[in-house]
2 protein chains.
Amino acid sequence: MAEVVVALRAVDASAPEPGFLQIARQLRHEIRSGAYPPGSKLPSETELTRAFGVARMTVRGGIAELRSEGLIVSEQGKGVFVRPRPPVRRLASDRFARRHRDAGQAAFLAEASQVGATPAVDQVQVTSGRPPDSVAGLLGGVTDVVVRSRRYLLDGQPVETAVSYIPKAIAAGTKIADDDTGPGGIYARLEELGHRLDHFVEEVAARMPTQEERFRLQLPAGVPVVTVLRTAYDVHDVPVEVCDTVKSSQSYILEYRVDAT
Amino acid sequence: MAEVVVALRAVDASAPEPGFLQIARQLRHEIRSGAYPPGSKLPSETELTRAFGVARMTVRGGIAELRSEGLIVSEQGKGVFVRPRPPVRRLASDRFARRHRDAGQAAFLAEASQVGATPAVDQVQVTSGRPPDSVAGLLGGVTDVVVRSRRYLLDGQPVETAVSYIPKAIAAGTKIADDDTGPGGIYARLEELGHRLDHFVEEVAARMPTQEERFRLQLPAGVPVVTVLRTAYDVHDVPVEVCDTVKSSQSYILEYRVDAT
DNA sequence: GAGTGGTCTAGACCACCCC
DNA sequence: GGGTGGTCTAGACCACTCT
């Protein structure tokens with residue numbers, strides 16, 4: 001492997017900008033300019049300490065800054081690396097089209113097969129109880145629901161968690177309350193039960209993950225999550241399901257079509 | 001002001017969990033449980049040093065952790081505060097409906113007036129040149145564009161930046177290339193020019209902001225941005241504009257309607 | 001002036017990885 | 001074993017805010 005040689009200027013202690021930010025700025029610039037491409041290793045803290053002429057804790061301050069920006073990841077015993085960009089899934093606005101359900105594919109599986117990745121679902125939990133108030137509101141005040149929780153993986157990497165809430169009046173005693181919902185997923189079952197789907201409303205937002213989400217999605221520091229709260233309506237405009245998903249922002253671009261009329 | 005009294009356990013140096021994470025976990029729990037409501041002040045670093053029985057730098061490690069999670073904000077000379085939740089704008093999926101343009105309101109103004117906030121636009125820059133490759137691709141290979149850059153504010157707080165790219169063949173010599181596009185904004189002008197709009201495609205993603213974005217949107221640490229790349233198509237399916245927006249994730253929930261058919 | 005957070009030092013010991 | 005990052009200490013000085 002060729003050595004990466006980069007000119008780093010010593011920190012100017014008399015400058016108004018703090019030293020650790022000067023360090024972050026210089027390293028950020030080198031990363032952006034391509035001197036350190038994704039996946040490559042930065043100089044060790046010891047080397048940076050020498051190059052910048054500061055104490056190790058100051059170097060670590062600069063590194064912490066870039067880590068919180070999501071630019072780099074640290075690996076104990078190995079080094080600090082420019083964060084490689086994982087493959088991105090593009091969620092098309094037709095991903096809930098009926099033709100996918102009719103083909104026996106739940107939305108997640110349909111998308112995965114399009115990009116040639118191996119999809120998987122684990123941590124499936126089915127319970128029943130009372131939904132959060134916000135969900136109950138979307139369901140028109142229903143407080144008795146079946147709760148389906150699961151995690152989605154692509155090529156073994158967790159990318160998304162999802163919790164579905166379906167009114168018990170609809171789901172009780174059906175495959176929706178089973179661990180395996182069968183081909184086409186929840187939405188195919190709902191249609192079989194006579195709840196012909198008309199449209200979905202998705203509420204999209206972003207935030208930093210909780211500790212638990214960071215663990216479940218195996219997120220490095222500095223990576224936000226995208227949350228999508230989806231409500232499914234049948235042709236009578238009755239909400240039949242709310243699905244609360246948390247996605248790694250590294251793995252997703254959401255695509256929507258909006259009419260101009 | 002009543003004193004907030006909270007029981008904090010000293011750090012256990014023999015535990016496998018590092019001290020600064022024990023500190024972060026305890027404080028996070030107190031914040032979540034409501035002991036420290038949004039806007040309230042945490043104990044000073046000196047007090048925390050005493051309560052946890054560790055050096056100040058260890059306390060600061062715990063505080064840095066919560067700051068990177070977006071839970072708290074530090075203010076020099078004043079203290080560390082639980083981050084207050086700013087008002088959220090809900091962007092409805094009909095925000096580009098023609099009736100808003102016909103009423104002489106650009107999308108941003110229409111939304112603001114709905115929530116009773118005072119909208120403003122500043123940092124308007126109009127230039128021309130070559131768009132980024134990704135934008136050129138969306139515009140069908142057009143490389144000669146008018147570039148409109150601006151920043152949106154609500155009640156004086158910046159919430160969003162936007163850069164529009166319009167093919168020069170369409171925009172040159174029109175009000176679209178003026179600083180003030182007039183009532184109804186770019187889209188109203190495009191329709192007057194005969195480019196009747198049919199639909200938009202939006203690509204939504206999230207990431208941590210760059211330094212410059214943090215400054216322009218006045219974002220505290222630990223707050224991601226939501227990016228929306230919108231392409232406007234006319235009734236002949238010709239792309240007539242691409243708009244690249246960067247929004248504070250604190251300020252937005254995006255709402256989309258997706259058909260099930 | 002007293003109290004707050006912001007920055008920085010010069011060490012130390014540890015856990016982990018690779019040779 | 002040698003190099004890496006992870007954690008921690010006990011001080012120091014500074015900039016800022018409030019009274």
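In this predicted model, helix α8 of chain B, spanning residues 185-192, is largely enclosed by the rest of the structure, because 7 of its 8 residues are buried. Buried here stands for a relative accessible area under 20%, counted over the protein chains only. The buried set of α8(B) begins with G185(B), I186(B), Y187(B) and A188(B), and continues with R189(B), L190(B) and E191(B). The charged side-chain types Arg and Glu are thus represented in this set by R189(B) and E191(B). Just beyond the helix, G194(B) adopts a positive phi of about 95 degrees.

Turning to the sheet, 8 strands are arranged as an open sheet with mixed pairing. Reading across it, the order is β4(A)-β5(A)-β6(A)-β9(A)-β8(A)-β7(A)-β10(B)-β3(B), with strands drawn from chain A and chain B. The edges are held by β4 (119-129) of chain A and β3 (89-91) of chain B; each has a single partner strand, so one side of each is left without a neighbour in the sheet. From one strand to the next, the twist averages 20 degrees. Strands of a sheet pair through backbone hydrogen bonds, in either a parallel or an antiparallel sense. Within this sheet, β8 (residues 225-234) and β9 (residues 239-248) of chain A are an antiparallel pair joined over 9 bridges. In that pairing, V225(A) sits opposite S248(A) of β9(A).

The protein also meets two DNA strands, and it is helpful to take them in turn. DNA strand C is surrounded by 24 residues, the closest being G19(A), A55(A) and T58(A) from chain A, with E45(B) and R56(B) from chain B. Sugar or phosphate accounts for 73% of the strand C atoms within 4 Å of the protein, and bases make up the rest. Several polar contacts reach the phosphates of strand C. A backbone N or O atom of E45(B) is 2.8 Å from a phosphate oxygen, a backbone N or O atom of F20(A) is 3.2 Å from a phosphate oxygen, and a polar side-chain atom of S44(B) is 3.4 Å from a phosphate oxygen. The elements giving two or more residues to this surface are α1 (19-32) and α3 (56-68) of chain A, along with α2 (45-52), α3 (56-68), β1 (72-75) and β2 (79-82) of chain B. By class, the residues near strand C comprise 7 nonpolar, 10 polar and 7 charged.

For DNA strand D, 24 residues again form the surroundings, and the closest are E45(A), R56(A), G19(B), A55(B) and T58(B). Of the strand D atoms within 4 Å of the protein, 72% belong to sugar or phosphate, and the rest to bases. A polar backbone atom of E45(A) lies 2.9 Å from a phosphate oxygen of strand D, and a backbone N or O atom of A55(B) is likewise 2.9 Å from a phosphate oxygen. A base is contacted too: a backbone N or O atom of G77(A) lies 3.2 Å from a base nitrogen of strand D. Two or more residues each come from α2 (45-52), α3, β1 (72-75) and β2 (79-82) of chain A, and from α1 (19-32) and α3 of chain B. This surface divides into 7 nonpolar, 10 polar and 7 charged residues.

Finally, an unreviewed UniProt entry annotates residues 17-85 of chain A as "domain: HTH gntR-type". This span is 51% helix and 12% strand, and its end C-alpha atoms lie 30 Å apart.

Notes:
Residues numbered from 1 in each chain as written. Chains lettered and ligands numbered in written order. Predicted model: local features only at pLDDT ≥ 70, side-chain atom pairs only at ≥ 80, totals over all residues. Heavy atoms only, no water. Near = heavy atom within 4 Å. Polar contact = N/O pair within 3.5 Å; in protein donor to acceptor, adjacent residues only side chain to side chain. Helix = DSSP H or I, 4+ residues; strand = E, 2+ residues; numbered from the N terminus. UniProt positions renumbered as here; feature names shortened; annotations may be inferred. Pairing = 2+ DSSP bridges. Axes fitted to C-alpha atoms, helices over the stretch in contact; angles between N-to-C directions. Buried < 20%, exposed > 50% of the residue type's maximum accessible area, 1.4 Å probe, protein only.
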